[in-house]
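Subject: A structure for you to explore

Hi there,

Here is the structure I promised to pass on. Please open it beside this email and follow along as you read.

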2 protein chains.
Amino acid sequence: MKVVDILLDFIKSTNDRNAKILDFHHPSEMMRLLDLEIPDTGLTLQQLLIDCSTTLKYQVKTGHPHFFNQLSCGLDLVSMAGEWLTATANTNMFTYEIAPVFILMEHVVLQKMRELIGWSGGDSILAPGGSISNLYAFLAARHKMFPAYKERGLAAIGGQLVMFTSDQCHYSVKSCAAVCGLGTDNCVMVPSDERGRMIPSKLEELILERKAKGHIPFFVNATAGTTVIGAFDPIPEIADICQRHQLWLHIDAAWGGGLLLSRKYRHPRMTGIERADSVTWNPHKLMGALLQCSTIHFKEDGLLISCNQMSAEYLFMTDKLYDVKYDTGDKVIQCGRHNDIFKLWLQWRAKGTEGFEKHMDRLMELSEYMVRRIKQMPDKYYLILEPEMVNVCFWYLPTRVRNMPHTQERIKILADICPILKGRMMQAGTLMVGYQPDDRRPNFFRNIISSAAVTEADVDFLLAEMDRLGHDL
Amino acid sequence: MKVVDILLDFIKSTNDRNAKILDFHHPSEMMRLLDLEIPDTGLTLQQLLIDCSTTLKYQVKTGHPHFFNQLSCGLDLVSMAGEWLTATANTNMFTYEIAPVFILMEHVVLQKMRELIGWSGGDSILAPGGSISNLYAFLAARHKMFPAYKERGLAAIGGQLVMFTSDQCHYSVKSCAAVCGLGTDNCVMVPSDERGRMIPSKLEELILERKAKGHIPFFVNATAGTTVIGAFDPIPEIADICQRHQLWLHIDAAWGGGLLLSRKYRHPRMTGIERADSVTWNPHKLMGALLQCSTIHFKEDGLLISCNQMSAEYLFMTDKLYDVKYDTGDKVIQCGRHNDIFKLWLQWRAKGTEGFEKHMDRLMELSEYMVRRIKQMPDKYYLILEPEMVNVCFWYLPTRVRNMPHTQERIKILADICPILKGRMMQAGTLMVGYQPDDRRPNFFRNIISSAAVTEADVDFLLAEMDRLGHDL
């Protein structure tokens, strides 16, 4: 297994702060550098090892301490070892018959997660990413409220179904509306306040407005940790409204969910989460499990199966040797399902719940440190808002704007340099921080600290390096 | 990395024909045998290694040469090494920015697969399993034919959409109808002949019947390799009907797709596949790529993005350093996407296209061998039908029925012993072959040869072992 040596070298250079994060090349150039061709006859083992090395040489090191670019950063070695074992065991999660240990692990871990949400019962499943988790919530809600929909479709309902979410939500919520046949026009975007949190009074207004049109509101998505600025929608107020209008409350905590493990930070951000009907929570984000590891949880047991079961008797027989209630195949829309549990279970065993709590607290403290440092350098950095999470949103100020007032004119300059400065980071290979516009402002940087490898010194490096690369812009 | 030694031991025992495939325990017993608890404080490295060993001790060896239970059997070591590298690189497939090499590999491999289908252009994506691949086809078809559906939903259309598939199709096709809001009543099941192939004249009748009701037929699914008996729907006749009625033709070749690599076996089974609008093809089945690896292909380029794009400008910016046409995030419904390409690319490099062709021919030859052997033992085995693929469907005949005529009474006995004999296989741990009923007959065994590890001697072992375990039933 010479490939293991190649992988260990990659891990070593991932952890080496002096090594580059990436060796950037444009797509056309990269096509020339790499030999990706599919040959007619097989290549030698020697060539395959070169293939592995070359692939890693040009791959971005997402576990490098100076990679702050995505919600998922870092390389947890226990989770990685878990994924190697998962690959070696190469099984499918649809029945206890062929995945007995892994199926039981799902029971234990998902139950633990539901307890952390604040539920004693319920049901859960792992899904291929947060978007599909949100889709599961949507489907279960529709099924619960309109059981005839499954067989008869829209014809079973006398009107137009409508869902609600904040204008800061992840786009997968809107995608549900397209996929499931509501149409995106019937995914109503509720305005958010200047901190990115849904405005509950606006939600209620919009519900009443749609009801007045004869539409049928049925689903509200509240986000716990928005993608760009890490905002938390106010759950208690939204839950009251859902109760009043008998709407399903889903909480997309794909990003923020990890903070449920922190006694210090879960409140007030997710106070009231136990009032939700369903919760999405991605351990592959804050918890650092390897990609992918996403979960969806339901307060009511039995709903997943009654919603998704197609009674494929030829696959999920009930006359088996063992108690088939452990078979999960009929609960899901994917049939075959990748084993995403082992890496998380092993990681949780390694860290313990307290270890995860410390990890969350540490990530938040580092983000607070970054905010303090930014405030100490008002000539070089402009903090856009006080973060509720590890998303730190800011502009970098090059020399020429330092004496300008902070007007729209300056903001335009700051926004325009984002892609250029990002390009310089990638060309230098020393740092990766993401940027994007939102509906309030043009391009700005959004830094994410979600890797256990990051230290205060790395935050200092980040701020110094952006200045080194960008001061003349 | 002591965990590597544990994994290598597991691989060794997977390849050892004298080792058991599984050590079966009922769920409640297994819960007692295992320590799955999530601790408050982290466990030692020593304990984690024990966890890994214990997990593998009780896991079913899906790569064992005597595991014939699923469509995905075998453990391809190159693909496995690829998956280890994938885990170590731990990246997300939404942008070229963070997965440059892997994104380019997708381009090369998916283009090769489209060429094998018979298309010069088109577009493709990897999806988490065949069911989601089929869902992609459904969504693209709906979007192509009713572009206003995305925004306005069913209100954009004046009537009830209807889809068609054979009664032997994978249940995920029906699931699409539930998920997407048509309702399963509007997924019309077309009868199949005694060999499990859709009857084209029935398809046309049903289309006309629905049209007469004022419904709007738009989508036909033809299966290339059905799950249970491995049947191939007649593509040319179905394509003619789709052309006549202007319906989208999707081919679910999740299972049979691998045979496109065999010049000997692709015809007549998949003759005309190039006439389809979309094709699902799972390399994690016949091609032996590790789970999961599923692809969906479209004849028309540009459709995936116009169908699924939610214009999440905050994630998929167009002002980047590089040519963003390589970013795939906006084409998919998952946002984050697991890297399923590297293991397949590496495996294809190792085998070459010719190596894959040999692999397909070998699997088919072994299945033909099994059929011959079964026919040589008419006292012990009853072949249910001549297979078109590696699905060999049969009943085992215990001693007491060997002199009975093959009536419904005998069939009932043969069906009743399936779960018992399967239970004995699992208790003995020496063999795993699946069984299920279908809509024509009660329980019967379905054997799958999809692992490169299987030899003629393993087929002989299978037939002898079932007799040893079952003769007294």
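Below is what I found in it, going from the whole assembly down to single residues.

Please keep in mind that this is a predicted model.

**How the two chains relate**

In general, two copies of a chain are related by a rotation about an axis and a shift along it. Here, chain A falls on chain B after a rotation of 180 degrees with 0.0 Å of shift along the axis, and the RMSD is 0.0 Å. That is the relation of a two-fold axis. If you want to find the axis on your screen, look for A:Cys180: its C-alpha is the nearest to the axis in chain A, 2.0 Å from it. Both copies use the same surface, since 100% of the contact residues of chain A recur in chain B.

**The nonpolar cores**

Nonpolar side chains tend to be buried together in soluble globular proteins. The largest nonpolar core in this model has 279 residues. Which of its members touch the most others? They are Ile251, Trp348 and Met466, each in both chain A and chain B. B:Trp348 is a nice one to click on, as its contacts beyond four places in sequence include A:Ile38 and A:Pro39 from the other chain, along with B:Val109, B:Met113 and B:Phe356. There is also a second, separate core of 68 residues, and A:Leu154, B:Phe298, B:Val332 and B:Ile333 are among its members.

**Strands in chain B**

Next, take a look at strand β5 of chain B, residues 216-223, where seven of the eight residues are buried. On one pairing, β5(B) runs parallel to strand β3 (residues 161-166) of chain B, with five bridges joining them. B:Phe164 stands opposite B:Val220 of β5(B). β5(B) also pairs in the parallel sense with strand β6 (residues 248-252) of chain B, over five bridges. There, B:Ala222 has B:Ile251 as its bridge partner. Helix α10 (residues 235-245) of chain B joins β5(B) and β6(B) in a right-handed β-α-β unit.

**Two helices in chain B**

Helix α6 of chain B covers residues 130-145 and spans 23 Å from first C-alpha to last, close to the expected 22 Å. Because 14 of its 16 residues are buried, α6(B) is largely enclosed by the rest of the structure.

Finally, is B:Glu465 buried or exposed? B:Glu465 lies in helix α14 (residues 456-470) of chain B, and it is buried because its relative accessible area is 6%, below the 20% cut-off. Beyond four places in sequence, B:Glu465 touches B:Thr430 and B:Leu431.

Enjoy exploring!

Methods: Residues numbered from 1 in each chain as written. Chains lettered and ligands numbered in written order. Predicted model: local features only at pLDDT ≥ 70, side-chain atom pairs only at ≥ 80, totals over all residues. Heavy atoms only, no water. Helix = DSSP H or I, 4+ residues; strand = E, 2+ residues; numbered from the N terminus. Buried < 20%, exposed > 50% of the residue type's maximum accessible area, 1.4 Å probe, protein only. Contact = heavy atoms within 4.5 Å. Expected span 1.5 Å × (residues − 1). Least-squares fit on C-alpha atoms with pLDDT ≥ 70 in both. Core = buried A, V, L, I, M, F, W, Y, C linked by side-chain atoms within 4.5 Å. Pairing = 2+ DSSP bridges. Right-handed = clockwise from strand over helix to strand, strands pointing away.
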